[in-house]
Amino acid sequence: MTLPVQAHRPMYGDVKLYSGTSAPELANKISKYLDVPLSDRDIVTFPNDNIFVKLHTSVRGQDCYVIQTTSIPVQKNLMELLIMIQTLRLDSAARITAVIPYLCYTRSDKKDQPRVPITARLVADMIEVAGADRYMTLDLHAQQIQGFFSIPGDVLYAFHVLVDPLKDLVASLKDPVMVSPDLGFAKKARNYATALDIPLAFVEKRRLSNAPTAKALTMIGDVEDKDCLLLDEEISTGSTIVTAVNLLKEHGARTITNIFIHPVLSPGAAEQLVALPVDRFITTDTIPIPEETKALFGDRLQIYSIASLLAEVIRRANAGISVGQMFNE
């Protein structure tokens with residue numbers, strides 16, 4: 001994935017890494033990859049639930065990166081990100097990049113019914129107003145969300161981290177088939193299926209209301225006596241995967257591997273998932289999974305880190321080197 005990086009003069013001063021409180025382990029991995037320490041800061045939540053941030057050293061003229069995933073608790077993590085960005089802006093940072101492995105509210109990306117907001121656009125506006133010059137994120141729910149930002153950014157894909165492990169897995173499976181849990185995710189699922197050189201099937205579903213449940217209607221494609229790789233962008237309540245797994249089993253699937261990029265895992269979701277006839281669960285660390293939740297999955301859970309991907313893009317952004325070269329683009 002990575003290419004040798006020649007020595008370049010930084011465009012915006014030295015790299016300064018800052019971590020919020022939402023993903024400290026991921027931030028430490030990025031820091032280790034870059035051999036750049038995380039800069040010290042204080043983040044305090046007062047008794048009135050207000051958040052206070054103070055930097056320990058000046059960032060004047062520096063190239064600053066704020067690593068913060070906006071998962072549960074969403075409002076706290078989002079406000080912490082915004083306040084950290086503004087703190088850096090007021091201390092005269094040369095450039096500020098919001099590194100957001102999981103961006104919240106991306107499912108609210110359009111007015112699909114009367115009298116509803118487009119919250120994804122609001123979040124993009126807030127990040128810009130806080131003072132970010134750039135953003136970096138992974139696997140947005142919909143590509144048009146990039147258009148909500150007026151600042152440049154790098155939208156990356158966990159595909160580049162997952163594809164090699166999946167190739168190894170596919171080599172051990174019987175008649176593997178990639179399965180998309182809904183037609184809206186079909187394009188991404190096709191990219192994985194093409195890279196793995198396996199056929200593609202779809203679950204057709206329909207969301208009947210604003211409730212976090214969806215009804216799976218039918219299976220498009222052949223999964224009988226096949227090893228299925230059920231791929232989704234994120235798992236929140238788990239209802240989509242429950243209906244998809246049940247439908248796959250009804251149609252004779254031999255084994256099921258559930259792959260999801262963002263492990264949101266709302267309360268009760270993990271319990272639903274571990275009860276399913278799924279052989280293995282594969283995900284990333286865009287969102288940290290609590291140890292007690294990992295214990296529920298046991299050895300069925302495999303987590304692949306996106307730290308090196310984010311770190312290499314940070315290195316290249318600081319040096320003014322093409323990110324596309326990493327992916328032969």
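Start by selecting Cys64: its relative accessibility is 0%, so this cysteine counts as buried (under 20% relative accessible area; exposed is over 50%, partly exposed in between, with a 1.4 Å probe and protein chains only). Now add Cys104, which counts as buried because its relative accessibility is 3%. Looking for disulfides (pairs of cysteine sulfur atoms within 2.5 Å), you will find zero in the structure.

Before moving on, note that this is a predicted model, in which local features need pLDDT of at least 70, side-chain atom pairs count only at pLDDT 80 or more, and totals for chains, interfaces and linings use all residues. Residues are numbered from 1 along each chain as its sequence is written, and side-chain values use heavy atoms, leaving out hydrogens and water.

**The five-stranded sheet**

Next, show the strands (DSSP runs of E, at least two residues, numbered from the N terminus, as are helices: H or I, at least four residues). An open sheet of five strands appears in the order 1-4-5-6-7, with parallel pairing (at least two DSSP bridges between two strands). Its edges are strand 1 (15-19) and strand 7 (153-156), each pairing on one side only. On average, neighbouring strands here are turned by 15 degrees against each other, direction ignored.

Zoom in on strand 6 (residues 134-138), which runs parallel to strand 7 and is joined to that strand by four bridges. Pick Tyr135 and its bridge partner Gly153 in strand 7.

**The largest core**

Which residues touch the most other members of the largest nonpolar core? Select Leu17, Ile30, Leu166, Met178, Leu310 and Ile314, out of 45 residues in that core (buried Ala, Val, Leu, Ile, Met, Phe, Trp, Tyr and Cys joined through side-chain atoms within 4.5 Å). Helix 9 (residues 307-319) gives the most to this core, with seven residues.

Center on Leu310: leaving aside neighbours within four places in sequence, Leu310 is in contact (heavy atoms within 4.5 Å) with residues including Leu26, Val99, Met136 and Leu156. A second, separate core of 34 residues includes Ala98, Ile127, Ala130 and Ala132.

**Around strand 11**

Finally, select strand 11 (residues 227-234), where eight of eight residues are buried. Strand 8 (residues 176-180) pairs with strand 11 in the parallel sense over four bridges, and Pro176 stands opposite Asp227. Strand 12 (residues 255-262) also runs parallel to strand 11, joined by seven bridges; here Cys228 stands opposite Ile256. Follow the chain from strand 11 through helix 6 (residues 239-250) to strand 12: this β-α-β crossover is right-handed (clockwise from the first strand over the helix to the second, with the strands pointing away from the viewer).

Key: Axes fitted to C-alpha atoms, helices over the stretch in contact; angles between N-to-C directions.
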